[in-house]
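Me: I am new to this structure and would like a close look at one part of the picture, the salt bridges. Please take your time over them, and then connect them to whatever else helps me find my way around the chain.

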Amino acid sequence: MKKHALLSIAALALIAAALSQMPATGPGPTERSHQPELSVARPEIAPAPPEAIPSRKDGGPDLRREWEQRRLADPATGRIPPDIHRREQEFARGLPRWRTSAWADRAAAAGGDKANAADKFVGWTGRGPYNIGGRTRALAIDVSDPTYRTLLAGGVSGGMWRTDDDGANWDLTTGSTQLHSVTCVAQDTRPGLEFVWYYGTGEQYGNSANGGSAPYRGDGVFKSTDGGQSWALLPATTTGNPQQTDSPFNYVWRVVTDASEPTLDELYVAAYGIIYRSFDGGESFTEVLGDPGQTAKQT
């Protein structure tokens, strides 16, 4: 009996030892389970409202600031160098200067006075108008003013301006309801008719707005009979539809008066692809050059 009891105890001990060497059924604190992980649905994050996202399509101050930063920043650091304004001034002071004496010597050798010749190349000063921006594409000196202090200046987007004190003060002579896209100006220089002026409208080529399909379109030729102080649109040159290109007079390159004709008010207009001629001061026009079916931009 005793022998069988000892054998049973020994067998149980062996079974217990064997069970102690087997891995546990569940994962321990440092063990990884080989069972597949359960997929957990994550809530989607709602996008920011449209007004909170800067629009790159339409530009905006943020995009402009980024553009300026990229233009001025050091490529190596992505930052604008410190004290850059003072450093660029120092660099500018070391640039070579334009020698006006060489031009003056050349002009004097042609028979002119050296001092006066130098004045032809330097000494330019602004004549305004100073309170508006834009580009001046039309300019004329009133021949009826013996002092040459009366000037007319027309801007592509700024209208026609007039001064009688050499640019110290300017008056806007284009009406508030009239087109301000002035591209050319001309004066009737015949004696007794110097008070008659004309200006053309519409810039077909040369402006940045044209790249965005927003050119400074015109709508005909304006005429003044009081020395450029007020203007009236010539009916023969307008369609009354300046928002569309529907006439060669939408873009006027040049206006010229013929001073050699004493009895007729002769006028030429270089419009979009066609040259026009008038014998009655712009009351009517006749096509004298150009093909309406095959128009050229410049005339």
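Reply: In this predicted model, a search through the whole structure turns up nine salt bridges, and a few of them can be taken one at a time. One of them joins Arg 86 to Asp 83, where the closest N and O atoms are 2.4 Å apart. Arg 86 has a relative accessibility of 38% and therefore counts as partly exposed, and Asp 83, with a relative accessible area of 44%, is partly exposed as well. A further group is a network of salt bridges that links Arg 64, Glu 68 and Arg 71.

The salt bridge between Asp 188 and Arg 190, with its closest N and O atoms 2.8 Å apart, has another setting, for Asp 188 and Arg 190 are both buried. Glu 266 and Arg 277 form a salt bridge too, and here the closest N and O atoms are 2.6 Å apart. Because Glu 266 sits in the loop between strand S9 (254-257) and strand S10 (267-270), while Arg 277 belongs to strand S11 (residues 275-278), this pair ties together parts that are eleven residues apart in sequence. The two partners are not equally covered: Glu 266, at 5% relative accessibility, counts as buried, whereas Arg 277 is partly exposed, with a relative accessible area of 28%.

Strand S11 leads on to the aromatic rings, of which the count comes to six pairs. Tyr 199 and Trp 231 make up an edge-to-face pair, with 4.7 Å from centre to centre and 70° between the planes. This pair links distant parts of the chain, since Tyr 199 is in strand S6 (residues 197-201) and Trp 231 is in the loop between strand S7 (221-224) and strand S8 (232-233), 32 residues apart. Tyr 199 and Trp 231 are both buried, and together with Phe 222 they form one aromatic cluster.

Phe 249 and Tyr 276, by contrast, form a stacked pair, at 4.4 Å centre to centre with 20° between the planes. Phe 249 lies in the loop between S8 and S9 and Tyr 276 in strand S11, so this pair ties together parts that are 27 residues apart in sequence. Both of these residues, Phe 249 and Tyr 276, are buried. Strand S11 thus holds Arg 277, a salt-bridge partner of Glu 266, and also Tyr 276, a ring partner of Phe 249.

Two single residues add further detail to the picture. Ser 181 is found in the loop between strand S4 (171-172) and strand S5 (182-187), and at 5% relative accessibility it counts as buried. A polar atom of the Ser 181 side chain lies 3.4 Å from the backbone oxygen of Arg 217. When neighbours within four places in sequence are left aside, the residues in contact with Ser 181 include Gly 155, Val 156, Thr 201, Tyr 216 and Arg 217.

Pro 292 offers a contrast, as it lies in the segment after strand S12 (286-289) and, at 53% relative accessibility, counts as exposed. Apart from neighbours within four places in sequence, Pro 292 is in contact with Ile 274 and Glu 287. Pro 292 and Pro 248 are 44 residues apart in sequence, and their C-alpha atoms are 8.6 Å apart in space.

Strand S4, which borders the loop of Ser 181, also belongs to a sheet. Four strands form this open sheet in the order S1-S2-S3-S4, with antiparallel pairing. Its edge strands are strand S1 (136-141) and S4, each of which pairs on one side only. Strand S3 (residues 159-163) runs antiparallel to S4 and is joined to it by two bridges, and the bridge partner of Trp 161 in S4 is Leu 172.

For the chain as a whole, the secondary structure comes to five helices and twelve strands. Buried residues make up 27% of the 299 residues, and the chain exposes about 21100 Å², of which carbon and sulfur atoms supply 56%. Among contacts between residues at least 6 apart in sequence, 43% join residues at least 24 apart.

Notes:
Residues numbered from 1 in each chain as written. Predicted model: local features only at pLDDT ≥ 70, side-chain atom pairs only at ≥ 80, totals over all residues. Heavy atoms only, no water. Buried < 20%, exposed > 50% of the residue type's maximum accessible area, 1.4 Å probe, protein only. Polar contact = N/O pair within 3.5 Å; in protein donor to acceptor, adjacent residues only side chain to side chain. Contact = heavy atoms within 4.5 Å. Salt bridge = Lys/Arg side-chain N within 4 Å of Asp/Glu carboxyl O. Phe/Tyr/Trp six-rings, centres within 6.5 Å; stacked < 30°, edge-to-face > 60°. Pairing = 2+ DSSP bridges. Areas by Shrake-Rupley, 256 points an atom, 1.4 Å probe, with all protein chains shown as cover.
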